[in-house]
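Please find below some remarks on the strand pairing and the nonpolar cores of this model. They are set out as numbered points.

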Amino acid sequence: MTIWDETADDTKELVFTSLDYALENAQISEQPFTPFSFALHKDGTATLTRFAVDVATDVPETLEAAREHLQTADPATVAITLAYDGYTTYEGQRTEAVFIEAHQLNLTRTLVLAQRYLRTTPGEVQPLGDPLLQAELAPLVLRVGD
C-alpha cells in the first residue's frame with residue numbers, strides 16, 4: 001500500500017490541479033518555471049503561493065526555501081502541494097518532467113509524483129504516459145501554526 005491509497009479524494013483533486021497548472025507553466029518557457037504551492041483549506045478553497053527564483057539563486061535553493069516556508073501551515077489547511085520543473089529518467093530515457101510533492105496533513109508522509117513531458121512546438125508540451133510515483137518523503141508540513 002502506498003500513501004496514494006490513503007490520500008483523500010479532495011487531496012487527489014488538488015494534486016491533479018497542481019499537475020495541470022505545472023504543465024501550463026512549463027509551456028511558457030524552456031527555462032524552469034517558478035515553483036509554486038497550493039494549500040487546500042477545510043472550506044474547500046485553495047490558495048496559490050509562488051516562490052520567486054532570484055537571479056542569484058538556483059532552483060534547488062529556491063525549493064529548499066519553499067520547503068522551509070511550508071513547514072508551518074495555517075490551521076485551516078488540510079493539504080499542501082509543491083510543484084516544480086525538472087528531469088526524470090524512465091526506462092533509461094531522461095525527459096523533462098513536472099514534479100508535485102503532496103502532503104495531506106493528517107498523513108505521515110509526502111508523496112512525490114512526476115509527470116514526464118515532451119516539448120512539441122514552441123509554447124506547447126505533451127505529457128508522456130501517466131504520472132509516476134517517485135517517492136514517499138518526510139512530511140512537508142511539520143506543524144500547524146496558531
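**Strand pairing and cores**

1. Strand β4 and strand β5 (residues 93-104) pair in the antiparallel sense over twelve bridges; strands (E, at least two residues) and helices (H or I, at least four) are DSSP runs numbered from the N terminus, and pairing requires at least two DSSP bridges between two strands. In the hairpin of β4 and β5, two residues lie between the strands, and Glu91 takes a positive phi near 50°.

2. The model is predicted: local features need pLDDT of at least 70, side-chain atom pairs count only at pLDDT 80 or more, and totals for chains, interfaces and linings use all residues. Residues are numbered from 1 along each chain as its sequence is written, and side-chain values use heavy atoms, with hydrogens and water left out.

3. β4 also pairs with strand β1 (residues 36-41), in the antiparallel sense over six bridges. Ala79 of β4 stands opposite Leu40, and its bridge partner in β5 is Gln104.

4. Because ten of the 14 residues of β4 (residues 77-90) are buried, this strand is largely enclosed by the rest of the structure. Buried means under 20% relative accessible area, exposed over 50% and partly exposed in between (1.4 Å probe, protein chains only).

5. The largest nonpolar core (buried Ala, Val, Leu, Ile, Met, Phe, Trp, Tyr and Cys residues joined through side-chain atoms within 4.5 Å) has 21 residues, and Phe36 and Val98 are among those with the most contacts inside it. α2 (9-28), β1, β4, β5 and β6 (110-119) each supply at least two of its residues, and α2 gives the most, with six. Apart from this core lies another, of 15 residues, including Ala39 and Phe99.
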